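User: I would like to learn how to read aromatic and packing features in a model. Could you walk me through some cases?

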Amino acid sequence: MLKLKLNGVDVQAEEGWTLLETARFYGLPIPTLCHYEGLSPYGACRLCLVEIGTGPNAKLVSSCTYPAEEGLEVRTHTRRVSAARKMVVELLLATCPDSKTIQDLAASMEVQKTRFKVRHDDCILCGLCVRMCSEQMSGKAIGFVNRGETRKITTPFDIRSEECRLCGGCMYICPACQLRCQGPDAPGVVCGSCLNVSPVCLEEYEDALCYLDPCCQCLKEEVKKK
Amino acid sequence: MDVDLKKVSTIVDKYQGAGGALIAILQDIQDEFNYLPPDALKSVAEKLKIPLINVYSMATFYKSFSLKPRGKYLVTICLGTACHVRGAKNILGEVKKRLNVKRGETTEDKMFTLETVNCLGACALGPIMVVDGEYHGQMATRKVDAVLEKYKSKGEN
Ligand code: FES
Ligand code: FES
């Protein structure tokens, strides 16, 4: 058993757990996109960022790949974490605004618009399909090719792969190639049909004060009462 | 294009089927055929018992591997910052004109393939043009012709 601090509270983690597993074990919600139970962690989307360490040495790491360590101080809902996650969501939104998964993530994090140029790509390179294919379907039919700007996921030589059995696992797991949520047409890229409000506590405190999922549940209750 | 798969097989055997030797194997294949023929990649994957996509990913990741047939000599023009400020663009333009190809293309006589790179780490020699692994520093547009001619006559006999 490893002893560490999670949002200031002493907790224990099994040897080999990631920070994400530890946080979820203690009921702390951390948004993820490229993480999927049963597939190896990949660390591509950076949505699951948490802050580790203290003072000027504190840094952001992806909790889905970072192993729990003895004596580590982890904070899952700080101002810095929240800002970084929002930035990530904005980038994802700009890449694939049609994805319901991303729209939902945006709504749950109170992201109202994206500062980046909208591209309408059909892939965010999260690698879920690649891992699904090789790890669960023993297909190994698709993978990453090229590099940098031209990186993409495809089959060898861009033709139908002999390994592919058309199981559809890749499409099942893809967060990008899906129908957009059917909310009212919003003017911007963000659907906005879910209630968008900002967490009030972060304006005053360094850490969020509760871990309700999605955040701002407190405000939403208030709104409902009115 | 027919590929002599026996040659591929000899190359792979040289590395005793070690999966970690993939890059080295691909390099040797490229030396042999001047590019990476699809059939060769397939046979490498089979022999090493690794998925074809892994071989393909590797082959497309590195710029020095080419999946398209290349000319006899590879002409590389540096467009890095140092070479750029010394007029690498003009050199590139001149070479393009002389060879009548665009970036990444091969001349009709299969003699030259034109490529660009962003800094070769020899900035003091800029602008640089590399032909067949030989560095030609301090290039100027008027020198281009002579350099190309040299290789052309070398390649013809
Ligand atoms: S879920 Fe951790 S980086 Fe994507
Ligand atoms: S810029 Fe050309 S060698 Fe560095």
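User: Which residues do ring pairs link into a cluster with A:Trp17?

Analyst: Happy to start there, and please keep in mind that this is a predicted model. Ring pairs join A:Trp17, A:Phe25 and A:Tyr26 into a cluster.

User: How is a pair of aromatic rings described?

Analyst: Two quantities do the job: the distance of the centres and the angle of the planes. Over all chains, the count comes to eight aromatic pairs. One of them is A:Trp17 with A:Phe25, a tilted pair with 5.0 Å centre to centre and 50 degrees between the planes. A:Phe25 is exposed, at a relative accessible area of 54%.

User: And what is the geometry of the pair formed by B:Tyr73 and B:Tyr151?

Analyst: B:Tyr73 and B:Tyr151 meet edge-to-face, with 5.4 Å centre to centre and 65 degrees between the planes. Here it helps to look at the elements as well. B:Tyr73 belongs to strand β1 (residues 73-78) of chain B and B:Tyr151 to helix α7 (residues 141-156) of chain B, so this pair ties together parts that are 78 residues apart in sequence.

User: Are these two tyrosines buried or exposed?

Analyst: Buried means under 20% relative accessible area. B:Tyr73 has 5% relative accessibility, so B:Tyr73 counts as buried. B:Tyr151 is buried too, with a relative accessible area of 0%.

User: Where do charged ends sit over rings?

Analyst: Take the arginines of chain A. The charged end of A:Arg151 sits over the ring of A:Phe144, 3.9 Å from the ring centre. For A:Arg147, the ring below the charged end belongs to chain B: it is that of B:Phe61, with its centre 5.1 Å away.

User: Which nonpolar surface patch includes B:Phe61?

Analyst: B:Phe61 makes a nonpolar surface patch of about 220 Å² with B:Ile23 and B:Tyr62. B:Ile23 is placed in helix α2 (residues 22-33) of chain B. With a relative accessible area of 31%, B:Ile23 is partly exposed.

User: Now a helix. Which residues of helix α1 of chain B are buried?

Analyst: In helix α1 (residues 5-14) of chain B, the buried residues are B:Val8, B:Ile11 and B:Val12. Looking down the axis of α1(B), you find its buried residues within an arc of 95 degrees, so they line one face of the helix.

User: What is exposed on the other side of α1(B)?

Analyst: There you find B:Lys6, B:Thr10 and B:Lys14, which are exposed.

How values were computed
Residues are numbered from 1 along each chain as its sequence is written. Chains are lettered from A and ligands numbered from 1 in the order in which they are written. This is a predicted model: local features need pLDDT of at least 70, side-chain atom pairs count only at pLDDT 80 or more; totals for chains, interfaces and linings use all residues. Side-chain values use heavy atoms; hydrogens and water are left out. Patches are made of residues with over 30% relative accessible area and no salt bridge: like charges are joined within 9 Å, nonpolar side chains (Val, Leu, Ile, Met, Phe, Trp, Tyr) within 5 Å. Accessible areas come from the Shrake-Rupley method with a 1.4 Å probe; for residues, only the protein chains shown count as cover. A salt bridge is a side-chain nitrogen of Lys or Arg within 4 Å of a carboxyl oxygen of Asp or Glu. Helices (H or I, at least four residues) and strands (E, at least two) are DSSP runs, numbered from the N terminus. Buried means under 20% relative accessible area, exposed over 50%, partly exposed in between (1.4 Å probe, protein chains only). Rings of Phe, Tyr and Trp (its six-membered ring) pair if their centres lie within 6.5 Å; planes under 30 degrees apart count as stacked, over 60 as edge-to-face and the rest as tilted. A charge sits over a ring if NZ of Lys or CZ of Arg is within 6 Å of the ring centre and within 35 degrees of the ring normal. The arc is that of the directions from the helix axis to the C-beta atoms.
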